[in-house]
Structures are given as structure tokens and as C-alpha cells.
Amino acid sequence: MSRQASMQEDFIHYLWKFKKLSGLALHTTTGDPIVIKSLGSHNFHSGPDFFNSRLLIGNQLWAGNVEMHIKASDWYKHGHDDDPAYDNVILHVVWKHDAEISRRDEVNIPVLEVSRYVPDELIISYTKLFAYKNNQFINCEKSIGRVDQFHVDQWLDKLFIQRLEQRYHKIIKSLEMNNGDWESTFFQLLCRSFGTKVNADAFEQLATSIPQSTLRKLATDAFSLEAVMLGQAGLLDKDHQDNYAGELLREYAFAKAKHQLQPIHTPLKFFRLRPANYPTVRISQLAQLYHRNPLLFGELLLTNDLGQMRSLFKARASKYWDTHHVFDKETTSREKLLTEILINLIIINCVIPAKFAFIKYQGNNDFEPLLELMRQLPREKNTIVTGYNKLITVNDALQSQAVLQLKPNYCDVNKCLSCDIGVRLMTAGS
């Protein structure tokens, strides 16, 4: 097996970060001894890979940054020789030394060729993480069972917080666009959840098309709010035959002129949706929900009790929809209630991220009540969660959200050595 087979830069990060090189008699490619005094901090953004390292190179103590590549010539390939962000690099750590490199001041940078110091056993463990490629779900599916559930659970907790942190930045950006109005921001998040994956973008556009001040005025009358939301979504047509549709259209025409509203231009999709998930039904349920509680987010901030949260979302579409899923076509009579399954998904994908963002924005870091709430919710059902549940135990909604974070951000992009599970497999010899 070639010592460079399937080698990736993250392996060099792993060697440095987890002190696999510390204590060894290291030398630069020119023969100067290297003693690692401080590894520095791992940089996950643009710029050198490790900041604020302290190294004794020869007889000189250096403080600065460390950059890593598979080949030394990658320094020039990536344009670092002309980038001021790399002016303070004190060591270039590479797998293969194939070129001398220098900073913008044309001073050569010391190079550590780590392939000289890594035992074959460690390379074999690394290669095994990527050995099974055909029709596999994740790289380590043959060995992940060796990691005990305690450490898996700890990693899943971290992943869930990562997921919330990513959502936080998006929510705060929306909050700024809404001039600090949390109710308006939450309403947009909620509409996106009501749209589910198929109509999420269109429902979010629908929410932003109605100013919060107008929404609160309309919410005093459920019929008016439903008319405006259906009209803004482009679902009211003058050719509808049913009286209810005509009444809605007249109400919308009045409100549109009064409040100077502009409808959205993204068409809502019905294809391949179950009738209970049709946009018409969901919009009516949303209108009824906000008619009952136009300050819904404020109410949700007052509780972390799952039962109380679910009760806040107990809403049903207006009576017309008991016998319809679309206009002009009657069906068997059945109340269109928000199901517990949908309410759970709304809590997972909308309420928890919004509450997390609010708490963090207020400068508080007590997120444990939210984590406990997620542990009470059942895990989601989709192909990714099912795939992981065959390999590890996915107990609840917190862990199903965690594996949804894990798959695209680590497993699919071969970030095995940025994953706690991958690191443990390396340590154990996967």
C-alpha cells in the first residue's frame, strides 16, 4: 500500500491536533530540530490552519501560525505566496516536500515533512475509514459499532448544538431585516414549517409579503386573515364556483387595496402532496392559529413544557375545508386538524431554533431545557435517520437532528477526522 494512498489534508490536521507528533525527534527538511511548545488553535475558516502556535526551531523560539498541505507546492497552487494572511506562517507541515516555499517577503519557510514520522499502523487505520466505497451509507459503517453509545451520544449532543448555531445566524439575519421584531421573524419561520419541504420557500415569501402590523390587524378576524393569505399566495381565482371562494376573493380584494399588498409570484405546489398537506388547508390552519394567538412566539417563550406547547398549536382549518382540499371539489367530511406529527415537526424545526436564537441573542447560554425538550420528542422519520439507526441507536428528535447535521457536513464530504466517531476509530485502530 502506498503511504500516500487516499491521503487528505485532514489527516495532517489530525496528526498535529491530537499530538501524534509531540515528543518525536522532529526536524525540518533542512535538518533543524523542531520542538512543539504549543500546538495553537485550529482555524476552521479562511487563513492558516493553526493560529498562535509556539515552536522551537533550531535555537530560535517562534510564535505564529502553521499551514498544512499534502504537497509543499500546494502553497503556490493556493496562492499563499501572495496573500498577507499567510505572512506570519512559521512552519509549513506537509506530507510530501516537493518544493521550497516562501512568504511574500521571499523568505523561505521551514518545512516539516510528516510522512517520515508516521507509522504504517496509523496510516492503515486512516485508510480503513475510506476503504468501503461501493453502495455504502457512510465510510465507517463497518466499524462504527465499536464506538460505545456513551461517546456517540456525547457527539450527537455537540452536533445538535452545531445545527442550532447554524440556524442562529440565519434567524438573526432575518431579525435584523425585521427591525428586531421577534414575532415577525417567528411568523416567517413558522410559515416555512407549514409549507414543509415542498413549499417552504413559497410559504416564507407569503409571510414576508404581509407586514406584521397588517397581520395583527387582520388576525382579529380569522376569515379576513385566511382571505388575505390565500390571495397573497395566488390561490384565489375569480372563476371559482363555490360561494366561499367568492366571499374570500371579495374580502381579499378589499384588504389588498386597503393595505397595499403585493402577492407573491412563486406558485405553490400540490403535486405529490397528500391532500391534508395541500397549501389551501395549511394556510387556513395557519390563519386560524394566528387568529387565536397573534403573539404566539411570546406565549412559546413562557414554557418549555411539551404538552403546553402542543396545546398552543391545536388548530383546525375553517369549516369549508372539512369537505374540501381545493376549491370547487367536495370530499368526505373530516375536520382538518393539525396532527401531532406535524406539531412535533414544527416544534423541532421552528420553535426550538427560534427559542435558542432568542436565548443566545439575550446573552444567555442555558440551553439545557431545550435539549431536554428535544429528548422528549420522537425521532423524525426519513432515509438518513433510518440509515443511521441501523448502525447506532437514534433515540429521539435531538439525535435525529444531530445525524441530519452529521451526514452532509461530515460523512458525505469525508470529514472523518473532524468527527468524534472517526477520531475514536482512529485511536482504537479501525
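Let's start at the far end of the chain: in helix H17, which covers residues 420–428, Ile421, Gly422, Val423, Leu425 and Met426 are buried. The cover over those buried residues includes helix H1 (9–17), helix H3 (120–128) and helix H4 (149–177). Keep in mind as you look around that this is a predicted model.

**The chain as a whole**

- Count up the secondary structure and you get 17 helices and nine strands.
- The radius of gyration is 28 Å, whereas a compact globule of 430 residues would come in near 22 Å.
- Lay the chain along its principal axes, and its C-alpha atoms fill a box of roughly 90 × 45 × 40 Å.
- Take the contacts between residues at least 6 apart in sequence: 60% of them link residues at least 24 apart.

**Inside and outside**

- Of the 430 residues in the chain, 49% are buried.
- The accessible surface adds up to about 21300 Å², and carbon and sulfur atoms account for 49% of that surface.
- As for charges, the chain has 50 positive and 48 negative ones, and the mean positions of the two sets lie 4 Å apart.

**Strands E4, E5 and E6**

- Strand E4 (residues 50–57) runs antiparallel to strand E5 (residues 60–71), and six bridges pair them.
- E4 and E5 make a hairpin with two residues between them.
- Look for Gly58 in the turn of that hairpin, where its phi is positive, at about 65°.
- Across the pairing, Ile57 sits opposite Gln60 in E5.
- E5 also pairs with strand E6 (residues 89–96), this time in the parallel sense, again over six bridges.
- One spot to find there is Asn65, whose bridge partner in E6 is Val89.
- While you're looking at strands, a general point helps: in a regular strand, side chains alternate between the two faces of the sheet.

**A closer look at Thr185**

- Thr185 belongs to helix H5, which takes in residues 182–194.
- Thr185 counts as buried because its relative accessible area is 1%, and the cut-off for buried is under 20%.
- Setting aside neighbours within four places in sequence, Thr185 is in contact with Ile171, Ser174, Leu175 and Asn178.

Key:
Residues numbered from 1 in each chain as written. Predicted model: local features only at pLDDT ≥ 70, side-chain atom pairs only at ≥ 80, totals over all residues. Heavy atoms only, no water. Helix = DSSP H or I, 4+ residues; strand = E, 2+ residues; numbered from the N terminus. Rg over C-alpha atoms; globule rule 2.2 N^0.38 Å. Buried < 20%, exposed > 50% of the residue type's maximum accessible area, 1.4 Å probe, protein only. Contact = heavy atoms within 4.5 Å. Areas by Shrake-Rupley, 256 points an atom, 1.4 Å probe, with all protein chains shown as cover. Lys, Arg positive; Asp, Glu negative; His and termini not counted. Charge placed at Lys NZ, Arg CZ, Asp CG, Glu CD. Pairing = 2+ DSSP bridges.
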